[in-house]
Amino acid sequence: MASAFFKQFAIDNNLTIDYGYMYGKYRDFYISLKETLGSSKILNIITNIGSNKEQLKAVLSVFSEDELPMYCIRDMKKTDTYLQFTFELPSDHLQLIVDFINKFIDSYIANNLKVETICPICHKALNNEKVSIVDVAGILTPIHEECVEKGKKEAKEKAVLKEKENNKDTKGYKSGLLGAIIFGLIYMLILMVSFFFVQFILENSSSADNSFILIFQYAPVLVALFACPIVYAGYDIFKGRKGTGKYIIILWVVIISTLLGTFFGFVSSLLVLGTGNTFLELLKLVGQLITCKDISGSTRSFRWGFYIYIIFALILAILSMVFKFSNKKEMEEANNDTFEKLD
């Protein structure tokens, strides 16, 4: 989502804000800016100057070594079709990005370089022809209108070839599912043991600190933070096929194993209390207590205590998937096959 600063900047300069980007033509250059939830701001300038090392060096020389730290540029990437700068700036310093863009363009012009945008499909200059803004591998770039269909076809063919290459050593989704289930069972066992262990500590603790007991009793659900990495590893070890299906399989195995592991773990922890009931008897009893509506008093508190365990465990399991699936490598691999027309 664009900040208030860049929303106003877009209005003032006839730029578009959509798809999580601010983009459009600014001082004859096509630019795009993506703001993350944190302080990272990713600026893309569509230009082919990256193909000429000396010219790029000359343009960037306008930024002195003493001045560059002010912009907090964490990363820079150059290609034959665009330059990418990643800034780490708080919301009250966003004017620095605009200053950087303007200074870059001023230096570009001062070096007598021709402002020219090259279509990444036909590799010809964009002049007065009708253009479309397309998301190509995560980069918003203008393309000749007549080149869009060709670009889609090339992107699709590239994705098919890449999928074949990525899966040449895999054994299919069924094998991956088997691995995910086996490691999901291992994760469930760890979750159950953690419930039993924590309950054992609480029963044998001489501490009278109720706040410690209240907090520590939920410690077993922290295991859910490792749910996705464990299941993910099982899928890969069994050489499951890569693709969208992989993430769907891991998603459901993580959720189901977390629900079952929490339930069985909760039941197994009751064995420590020495009620005299077997595991199967406790399993049936807990099932009745958490599903029966006509209950009150301590029994009702017991039921809600179980629901809290389930909610916390699911939240942490989902977080484990977010952390695993949103790492830079995963995101870059997902973006590489993107070819989507924006307008």
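Is the crossing of α8 and α9 left-handed or right-handed? The structure is a predicted model, in which local features need pLDDT of at least 70 and side-chain atom pairs count only at pLDDT 80 or more, while totals for chains, interfaces and linings use all residues. Residues are numbered from 1 along each chain as its sequence is written, and side-chain values use heavy atoms, with hydrogens and water left out.

The axes of helix α8 (residues 227–237) and helix α9 (residues 244–269) come within 10 Å and cross at roughly 130°, where helices are DSSP runs of H or I with at least four residues, strands are runs of E with at least two, and both are numbered from the N terminus. Axes are lines fitted to C-alpha atoms, for helices over the stretch in contact, and angles run from 0 to 180 degrees between N-to-C directions. The two helices, α8 and α9, are therefore oblique to each other, given that angles under 35 degrees count as roughly parallel, over 145 as roughly antiparallel, 65 to 115 as roughly perpendicular and the rest as oblique. The crossing of α8 and α9 is right-handed, a term that applies if the near helix is turned clockwise from the far one by less than a right angle, anticlockwise being left-handed.

A second helix pair is formed by α1 (residues 4–12) and α4 (residues 95–110), whose axes come within 10 Å and cross at roughly 40°, which makes α1 oblique to α4. In this contact (heavy atoms within 4.5 Å), Phe5, Phe6 and Phe9 of α1 meet Gln95, Ile97 and Val98 of α4.
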